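Work through the exercises below with the structure in view. Each one gives a task and then a solution in steps.

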Amino acid sequence: MELWPAFGLDFDGTALDLDAIYGRSARRCLEIGFGSGEVIGALAQSHPENDYLGIEVHRSGVGRLLLRAQEAKLANLRIICHDAVEVLAAAIPDSSFDLILIFFPDPWHKKRHHKRRLISAPFVETLADKLRPRGVLRLATDWQAYAEQMLQAGNACARLASRSADGTYVSRPDFRPPTRFEQRGARLGHGVWDLAYEKSGP
């Protein structure tokens with residue numbers, strides 16, 4: 001990846017100094033599992049005043065986002081190609097982000113694989129650690145059973161308050177374009193569930 005030195009951050013198990021990496025202190029957004037980078041790429045391009053960090057394990061998606069970052073000269077975007085659980089545990093200081101996005105993580109729909117799902121109560125607690133006070137966590141899935149698991153995990157975190165009036169789901173945020181899978185699912189009558197939580201604080 002010849003573009004990696006410009007936008008990539010190598011994971012070596014040590015904590016990142018995000019102010020030094022971006023050369024400033026700003027509002028920051030993390031997207032975990034960004035796929036091809038449509039969301040984080042568009043956000044970084046339309047909001048140069050904010051900083052963006054994407055974590056993705058699939059090199060093909062990383063490559064596509066690197067190309068977009070180069071073409072748009074996105075000085076406010078950095079990418080890590082590694083397992084997000086390990087990155088958050090070792091490299092991301094607490095209270096680092098104003099917004100964390102996890103859209104359509106692998107549902108591991110077979111029952112024997114459910115334990116592999118990313119969103120669990122302990123992981124939501126970790127995400128809350130990484131949010132700044134009043135920071136927001138947004139999740140989305142097109143698997144109802146996983147949506148219910150996300151809802152249970154989010155509502156179990158005492159530091160997070162649902163942005164839903166009834167403590168369940170919210171409307172799709174304007175900045176999240178419907179994915180091609182979502183559009184196909186809509187034609188087939190499949191649902192999509194968005195969740196949003198805000199961290200307590202001043």
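Start with one pair of residues: Arg132 and Asp98 are both buried. The model is predicted.

**Exercise 1. State what joins the side chains of Arg132 and Asp98, and where in the chain each residue lies.**

Step 1. The two side chains meet in a salt bridge, with an N to O distance of 2.7 Å.

Step 2. Arg132 belongs to strand S5 (residues 131-141), while Asp98 belongs to strand S4. The two are 34 residues apart, and the pair links distant parts of the chain.

Step 3. Asp98 has a relative accessible area of 13%. Buried means under 20%, so Asp98 falls in that class.

**Exercise 2. Find which salt bridge Arg27 forms, and say which parts of the chain the pair links.**

Step 1. The partner of Arg27 is Asp98, and their closest N and O atoms are 3.7 Å apart.

Step 2. Arg27 sits in the loop between H2 and S1, and Asp98 in strand S4 (residues 97-103). With these positions 71 residues apart in numbering, the pair links distant parts of the chain.

**Exercise 3. Determine whether Asp51 and Arg24, which form a salt bridge, are buried, partly exposed or exposed.**

Step 1. In this salt bridge the closest N and O atoms lie 2.6 Å apart.

Step 2. Asp51 is in strand S2 (residues 51-55), and Arg24 is in the loop between helix H2 (18-22) and strand S1 (28-32). They are 27 residues apart.

Step 3. The relative accessibility of Asp51 is 1%, so Asp51 counts as buried. Arg24 has a relative accessible area of 30% and is therefore partly exposed.

Step 4. For the wider setting, a search of the whole structure finds 11 salt bridges.

**Exercise 4. Describe helix H7: its span, its buried residues and what they pack against.**

Step 1. H7 covers residues 144-155, which is 12 residues. From the first C-alpha to the last, H7 reaches 16 Å, close to the 16 Å expected at 1.5 Å a residue.

Step 2. The buried residues in H7 are Tyr146, Ala147, Met150, Leu151, Ala153 and Gly154.

Step 3. Around the axis these residues cover an arc of only 165 degrees, so they are on the same side of H7.

Step 4. The buried residues of H7 pack against helix H6 (121-130), S5, strand S6 (160-162) and strand S7 (193-199).

Technical notes
Residues are numbered from 1 along each chain as its sequence is written. This is a predicted model: local features need pLDDT of at least 70, side-chain atom pairs count only at pLDDT 80 or more; totals for chains, interfaces and linings use all residues. Side-chain values use heavy atoms; hydrogens and water are left out. A salt bridge is a side-chain nitrogen of Lys or Arg within 4 Å of a carboxyl oxygen of Asp or Glu. Helices (H or I, at least four residues) and strands (E, at least two) are DSSP runs, numbered from the N terminus. Buried means under 20% relative accessible area, exposed over 50%, partly exposed in between (1.4 Å probe, protein chains only). The expected span of a helix is 1.5 Å times one less than its number of residues. The arc is that of the directions from the helix axis to the C-beta atoms. Contact means heavy atoms within 4.5 Å.
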